[in-house]
Each structure stands twice: as structure tokens, then as C-alpha cells.
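Here is a quick tour of one model, with a look at some backbone oddities, one helix and one annotated stretch. Have the structure open while you read.

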Amino acid sequence: SLRLAVIGDPIAHSKSPVMHNAALASLGLKGEYIPLHVSPRELGPAITRMKDLGFRGINVTIPHKLDVMAYVDRLDESAEIIGAVNTIVNENGYLTGYNTDGIGYVRSLKEETRVRLKDKSIIVLGAGGAARGIVHTLAQEEPKRIVIANRTEDKAIQLAKEWSSIANISGVSIDEAKSYMSSMDIVINTTSIGMHPHTAHSPIDPVSIPPGIIVSDLIYNPLMTELLKKSHERGCITHGGLGMFVNQGAYALEYWTGLPAPIEIMREAVLKSLQ
Ligand code: ATR
């Protein structure tokens, strides 16, 4: 029977168990995906214990995505470059760390908006952990340029510098973001601004966003953030964070089982639990 888990602190509100258990049932697989509350102090022992108990897969969430890298035997190339692990595969006691956040996001963006990223100009709001995976994955799609705009400008500049050899990436302050908007095709919010329960907030003034472009938000609770609502009113194509969450889980499940993930069943399970 397949043993899977998600570890985090806090963990009670994670939608991963509901999503993955629905997937296991749909695939006819015997097993269980459980939430485990693990504090930073317990991280190392928890990983060892789960390995001994034969857990096939572990999802890793806040605040362990960086620290857990020290406890796996090997890092997949993308996890190594991004510098964060959200998925562990246990192959007979040998642990490999992956990052499925970036690829999950880009798959969702492409499938749900039908956008072709080649030669597009993209502005990413935020330069934290979530931005890293996304910028790195977007950079491989041959965009025309990526602008990272962040409250702390220096973090945006540093992040841009790290991957300047694979794409045209620059870092600016969040206040400068509006002066780039008119030449952008896609706006992506990776900050937590607008997340439940502070739903009235937006990372930038939506008035600066050109009508018709794609506006994407990593937040999925609420499904429509203030940024997305205002952008929709302006005639933009909006893309919420639910698809990223579902697709990062789908990639993880595919690594663990070798089977194609039942994406629509997973999406429905999360949607139902959000109501
Ligand atoms: P995550 O892993 O979710 O990306 P993080 O690494 O803490 O979390 O990054 C949070 C991002 O949201 C950062 O880009 C942060 O800006 P700073 O680098 O200036 O801290 C941004 N952010 C969070 N709260 C913000 C706020 N109130 N205004 C503007 N930016 C904010």
C-alpha cells in the first residue's frame, strides 16, 4: 500500500491530502496521503523516520522547502538550481528531491490560457521563494524578457543576475513596475498580497495594467484575488493559482506512481474543499 505525506508547519489547512486521496481513489491505488505536522527542529528525524517506515513520497511545504535539501541523497537538477524542494521520491531508502512548483505553474499557465511563452514579455511581482521556481521555469521558454519587480529592489536584482545567462531578466523596484506595464504581455503575482483573509489588497494598482494582457496570480484562496477581479474588469485574461497547486501535485504523483495524474479529479477535490 502506497504511503504518502505532506510535511509542514502549520499543516492543518493543507489541501494536498484531499487532492491526493481523491487521485489515489480514482486511480484505484491502495494507499493513503496524510498531513504531518513537523516543526523545524524535528525535520531531520522526521525524514529519517518516514524513510524507515517506507513512505514512497513526501511533499514538503512551508517552512521546510529549503532546509529539507540537506536530508535528501540527491537533488534533481531543477531543485538544485531553484534551491528548494517540494517533492521527495523514496526509491528503496534513496531519497531524491524535486521541485514541481515551477513546472506545475507553467503547465497550468499554458493549458489554461493557451499562451505561447516564446518571445513574450513577462513581469513577475515578488522575488521570494515562490518567484524563484517560476522565474527559472519561465526562463527556459525563450521569453523576450522577464522583469522581476519587488518591494526590496535588491532581491529582484540579485535574482535577475543569477539566471541572466539563460534569459533576458532584469530586477526593478515594485514602484517601477508600472512604468514597464505598457510593454508587458503577462503579469504574475508571486507575493502573498491578496491572500485570505486580507482579500482587499493588490500588489500593484490595477489601473496600470494594459487591457487585454494576461494577469496571473499564484494565490488560490480566494480563487479570484482583488488583482484578478480588477484585471478582469479591465478586460484582461485572468489565471488563478488553483491550477498551479493542482499541477505541482500532479507532477509529484506522477513521480511517485509512474501513472498519469487524474488532474480534473484533483482540481474538483480541491475546489470542493475550498467551499
Ligand atoms: P514565498 O515563498 O511565498 O515567495 P517569501 O520568500 O517570504 O515567500 O517572499 C514573499 C514575497 O512577497 C517577497 O517578494 C516580498 O517582498 P520583500 O522581498 O520586499 O519582502 C513580497 N511581499 C510580502 N509582503 C509584501 C508587502 N506587504 N508589500 C510588498 N511586497 C510584499
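## Backbone oddities and a two-faced helix

Arg114 counts as exposed, because it has 9 C-beta neighbours inside 10 Å and the cut-off for exposed is 12 or fewer. Keep in mind that this is a predicted model. Arg114 sits in the loop that runs between helix H4 (101–113) and strand E7 (121–125). What makes Arg114 worth a look is its phi: about 65 degrees, so positive, although the residue is not a glycine. For background, most residues other than glycine have a negative phi, and most peptide bonds are trans.

Glu142 also has a positive phi without being a glycine, at about 55 degrees. You'll find Glu142 in the loop between H5 and E8. As for its surroundings, Glu142 has 13 other C-beta atoms within 10 Å and is partly exposed.

Now for the peptide bonds. Asp9 and Pro10 are joined by a cis peptide bond, and Pro10 belongs to the loop between strand E1 (2–8) and helix H1 (16–27). Another cis peptide bond links His196 to Pro197. Here the proline, Pro197, is in the loop between strand E10 (186–189) and strand E11 (214–217).

The backbone angles, side by side:

| Place | Feature | Angle |
|---|---|---|
| Asp9–Pro10 | cis peptide bond | omega about 5 degrees |
| His196–Pro197 | cis peptide bond | omega about 5 degrees |
| Arg114 | positive phi | phi about 65 degrees |
| Glu142 | positive phi | phi about 55 degrees |

On to helix H6, residues 153–162. Which residues of H6 are buried? They are Ala156, Leu159 and Ala160. These three span an arc of only 100 degrees around the axis, so they lie on the same side of H6. The general rule behind such a pattern is that an α-helix has 3.6 residues a turn, so residues three or four places apart point the same way. Turn to the other side of H6 and you meet Asp154 and Lys161, which are exposed.

What covers the buried residues of H6? The cover includes helix H5 (129–139), along with strands E8 (145–150) and E9 (169–173). H5 and E8 also flank the loop that holds Glu142, the residue with the positive phi of about 55 degrees.

Last stop: residues 241–271. An unreviewed UniProt entry places the feature "domain: SDH C-terminal" there. In the model, this span is 81% helix and 0% strand, and its end C-alpha atoms lie 12 Å apart.

Key:
Residues are numbered from 1 along each chain as its sequence is written. This is a predicted model: local features need pLDDT of at least 70, side-chain atom pairs count only at pLDDT 80 or more; totals for chains, interfaces and linings use all residues. A residue is buried if 20 or more other C-beta atoms lie within 10 Å of its own, exposed if 12 or fewer, and partly exposed in between; C-beta atoms are placed from the backbone. Helices (H or I, at least four residues) and strands (E, at least two) are DSSP runs, numbered from the N terminus. The arc is that of the directions from the helix axis to the C-beta atoms. Two residues are in contact if their C-beta atoms, placed from the backbone, lie within 7 Å. UniProt positions are given in the numbering used here, feature names are shortened, and annotations may be inferred rather than shown by experiment.
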